[in-house]
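Colleague: Hi, have you got a minute to walk me through this one? I'd like to go from a small detail up to the big picture.

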Amino acid sequence: TLPDPSAGAAVKAADRAHVFHSWSAQGLIDPPAVAGAEGAYFWDYDGNRYLDFSSQLVNTNIGHQHPKVVAAVQEQAGRLCTIAPGFAVDVRSEAARLVAGRTPGDLDKIFFTNGGAEAVENAVRMARLHTGRPKLLSAYRSYHGATAAAINLTGDPRRWPSDTASAGVVHFWGPYLYRSPFHATSEEEECARALAHLEDTIVFEGPRTIAAIILESVVGTAGILVPPAGYLAGVRELCDRHGIVFILDEVMSGFGRTGRWFAADHFGVTPDLLTFAKGVNSGYVPLGGVAISAEIAATFDRRPYPGGLTYSGHPLACASAVATINAMAEEGIVENAARLGEDVLGPGLRALAERHRSVGEVRGMGVFWALELVKDRATREPLVPYNAAGEAAAPMNAFAAACKKSGLWPFVNMNRTHVVPPCTLTEAEAREGLAILDEALTVADTHTV
Ligand code: PLP
């Protein structure tokens with residue numbers, strides 16, 4: 001379709017008049033009007049086309065408008081649009097079977113939700129009822145969603161305004177060698193010290209008061225922090241020793257993002273509960289869920305589970321999940337993400353770090369990467385301060401603007417840019433994106449010492 005700026009202006013005017021946006025001062029935003037999207041690209045009404053290195057909110061793992069997923073939603077809409085959760089229905093049964101077939105270990109029962117935060121809410125409710133204990137442990141530098149328990153579990157500034165409802169949540173430090181909270185100098189040291197710190201936290205909080213430990217298998221929004229080998233296994237062991245439920249939040253890291261179906265697969269660890277959303281159907285219709293171990297599921301064999309949602313296992317959402325998972329398997333999309341990470345994005349981003357003094361660290365796997373930008377490589381001072389806003393965030397805003405000007409939509413968080421394109425990205429698209437990042441980083445370089 002031809003660009004039509006007047007149509008775009010009308011979309012924006014109605015948006016500004018009536019849409020109340022997430023996380024924003026309503027009078028200070030100017031949401032870009034999107035006219036369409038396909039694969040790894042979306043475009044506006046003015047003729048600008050963007051290579052989406054954010055996958056929207058890191059959820060379009062299969063890219064936009066995948067024909068098999070679109071057809072499946074259309075077909076399901078023609079057959080059965082909605083049905084209450086209390087019925088057994090073919091498409092929900094099949095979605096649950098496909099998810100359970102990919103989750104690790106004995107996580108074979110699926111409770112469907114409408115998204116990630118609700119998955120986290122229900123996982124912690126299950127853990128508390130299963131253990132009869134009140135407390136929850138979660139990491140600083142984490143994001144678990146914006147509903148009551150999920151936002152309290154979150155370990156970034158989005159929690160602060162909503163923290164009054166916090167009941168029984170205790171935060172601890174996870175491993176992060178580049179800015180080690182433990183003054184460690186190697187991955188092994190970081191791993192051992194992070195586990196010792198977690199054990200101390202458990203002991204001082206009282207092991208018998210702790211229902212669950214929740215962690216992102218690879219921390220997403222808070223920095224793409226890949227845990228050192230042995231960390232997740234160490235947490236598993238601590239949980240087993242103290243009768244604590246281990247919850248892995250794979251809302252962002254699941255369904256191909258790291259080059260495996262789940263990030264936990266890289267570490268050979270099976271949690272008791274695993275939360276998912278985003279990539280399960282790339283957000284074509286809202287869907288999330290909790291994969292539940294046999295032991296926890298058995299708690300609710302004779303005792304009702306006190307939780308539910310009108311749209312749990314919604315047919316349109318489940319149809320899109322079935323088509324997404326099948327297409328990802330048939331087309332080798334998870335393997336594509338792994339290969340891109342190993343052969344193109346990893347080496348390409350490391351090469352950028354060599355050329356640009358603003359890049360302090362490159363880390364990630366699959367299509368899940370972060371460039372940590374710094375003022376000074378020696379001191380590792382971040383390019384902008386933690387939680388910077390307004391003028392203080394100007395260097396990162398200038399970097400993001402340079403990306404957009406050249407047709408790349410970046411994912412920027414604090415002093416980092418995350419490289420999180422769809423798992424379906426081609427090598428040519430990856431190289432196109434790397435070239436734009438190369439150019440935009442020269443802007444970041446001007447803010448270094
Ligand atoms: N958990 C993780 C790890 C996430 O990254 C997110 C969203 O970014 C959530 C939970 C919340 O998911 P939703 O926004 O679908 O509620």
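**From one bridge to two domains**

Modeller: Happy to! This is a predicted model, and a good small detail is Phe 42, whose bridge partner in β3 is Tyr 50.

Colleague: Nice. In which sense do strand β2 and strand β3 pair, and over how many bridges?

Modeller: They run antiparallel, with 3 bridges linking β2 (residues 41-44) to β3 (residues 49-52).

Colleague: And what order do the strands of that open sheet come in?

Modeller: The order is β1-β2-β3-β14, so 4 strands with mixed pairing.

Colleague: Which strands stand at the edges?

Modeller: Those are β1 (34-38) and β14 (408-409). Each has a single partner strand, so one side of each lacks a neighbour in the sheet.

Colleague: Switching topic: how is the chain divided into domains?

Modeller: Domain 1 covers 5-65 + 332-445, and domain 2 covers 67-330. Taken over C-alpha atoms, their centres are separated by 25 Å.

Colleague: How many residues does each one put into the contact?

Modeller: Domain 1 gives 28 residues and domain 2 gives 27 residues.

Colleague: On the domain 1 side, which elements give two or more residues?

Modeller: There you'll find α2 (55-58), α12 (333-355), β11 (359-365), β12 (368-376) and β16 (416-419). The largest share comes from α12, with 5 residues.

Colleague: What's that side like by class?

Modeller: The side of domain 1 that touches domain 2 has 12 nonpolar, 11 polar and 5 charged residues.

Colleague: Great, thanks!

How values were computed
Residues numbered from 1 in each chain as written. Predicted model: local features only at pLDDT ≥ 70, side-chain atom pairs only at ≥ 80, totals over all residues. Domains from an automatic or database assignment. Contact = placed C-beta atoms within 7 Å. Nonpolar A, V, L, I, M, F, W, Y, C, P; charged D, E, K, R; others polar. Pairing = 2+ DSSP bridges.
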